[in-house]
Amino acid sequence: GTYTAASSAESDVAAIINGPTHVAVNGDTIQIPCSTPTTVTWSSQIIITASITLTGMGATPNTGASTFGAGTNCLTILDNVNAVGGLFYFQPTYAATNNVTTLQNINIDPVTGSTALYTPIYLFGTATSSGFPEARIDNIVFGNSTHWTTSNGSNSGWLIVQDDVIGVADQ
């Protein structure tokens, strides 16, 4: 199903992914509301074990062969999570259906250019003898207003880390 968090606050988004509001299952779409450009600071990571689509609402993504870049996102999340696994910690397991984890239409900035952080997106899947979980990261802008720097520390040296997941990052 499709579910919309009560707000763009980390606690409301976590509540619709991991309960108590809803517990996401493979194939769900979780929408983070945004009707005017909004910036929120998240200080806790969200662990996501189901293969879901997590999308920021209010975005105007570029699509099609004649466009490039991420388009315009409504939501900016300021990453203030200094924990292994980063801001978004995806842990999908291969499934015969609804096997794609998608993160889209969000700006992700460090809370400051000098705050020690970890990689903001971790994708650590569990493959089976039948295949690998799949991932799609699209229309994500890193460092839109505040740039990621070496002062954010060596643990944030990569913006996306993946293991046992196949997929694409685009736009």
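**Exercise 1.** Is S156 buried or exposed, and which residues surround S156 in this predicted model?

*Solution.* Begin by placing the residue along the chain: S156 sits in the loop that runs between strand 10 (134-142) and strand 11 (160-163). Next, take the relative accessibility of S156, which is 8%, and set this value against the cut-off for a buried residue, namely under 20% relative accessible area; S156 therefore counts as buried. Then look at the surroundings, where S156 is in contact with L117, Y118, T119 and W148 once its neighbours within four places in sequence are left aside. Finally, inspect the side chain itself, since a polar atom of the S156 side chain lies 3.0 Å from the backbone oxygen of G153.

**Exercise 2.** Describe the largest nonpolar core, and state which helix gives the most to this core.

*Solution.* The first step is to establish its extent: the largest nonpolar core has 34 residues, and those with the most contacts inside it are I17, W42, L54, F88, L103 and I106. The second step is to ask about the contributing elements, and here helix 1 (residues 10-18) gives the most, with four residues. The third step is to follow one of the residues with the most contacts, W42, which, when residues up to four places away in sequence are not counted, touches S8, A9, E10, V13, I32, I77, L78, D79, N80, V81, L87 and F88. As background, nonpolar side chains in soluble globular proteins tend to be buried together.

**Exercise 3.** Work out the strand order of the four-stranded open sheet, and explain why strand 4 and strand 11 stand at the edges.

*Solution.* Write down the order, which is 4-7-9-11 with parallel pairing. Strand 4 (46-48) and strand 11 each have a single partner strand, so one side of each is left without a neighbour in the sheet, and these two strands stand at the edges. Neighbouring strands of this sheet are turned by 10 degrees against each other on average, with direction ignored. Within the sheet, strand 7 (residues 88-90) is joined to strand 9 by three bridges, and F88 stands opposite I121 in strand 9.

**Exercise 4.** Trace the pairings of strand 10 with strand 8 and with strand 12.

*Solution.* Start with strand 8 (residues 100-110), which runs parallel to strand 10 and is joined to it by eight bridges; in this pairing L103 has I137 of strand 10 as its bridge partner. Continue to strand 12 (residues 166-170), where five bridges join it to strand 10, again in a parallel arrangement, and where I166 is the bridge partner of E134.

**Exercise 5.** Locate the cis peptide bond and the residues N98 and D164, whose phi values are positive.

*Solution.* For the peptide bond, examine G19 and P20, which are joined in the cis form with omega of about 15 degrees; P20 belongs to the loop between helix 1 and strand 2 (29-32). For the phi values, note that N98, in the loop between strand 7 and strand 8, has phi near 50 degrees, and that its relative accessible area of 45% makes N98 partly exposed. D164, in the loop between strand 11 and strand 12, has phi near 55 degrees and, at 35% relative accessibility, counts as partly exposed. To close, consider A127, which touches D164 as well as F132 and P133, not counting residues up to four places away in sequence; A127 lies in the loop between strand 9 (121-124) and strand 10, and its C-alpha atom is separated by 7.5 Å from that of V165, 38 residues apart along the chain.

Technical notes
Residues are numbered from 1 along each chain as its sequence is written. This is a predicted model: local features need pLDDT of at least 70, side-chain atom pairs count only at pLDDT 80 or more; totals for chains, interfaces and linings use all residues. Side-chain values use heavy atoms; hydrogens and water are left out. Buried means under 20% relative accessible area, exposed over 50%, partly exposed in between (1.4 Å probe, protein chains only). A polar contact is a pair of N or O atoms within 3.5 Å; within protein, one must be able to donate a hydrogen and the other to accept it, and residues adjacent in sequence count only if both atoms are side-chain atoms. Contact means heavy atoms within 4.5 Å. A nonpolar core is a set of buried Ala, Val, Leu, Ile, Met, Phe, Trp, Tyr and Cys residues joined through side-chain atoms within 4.5 Å. Two strands pair if DSSP finds at least two bridges between them. Axes are lines fitted to C-alpha atoms, for helices over the stretch in contact, and angles run from 0 to 180 degrees between N-to-C directions.
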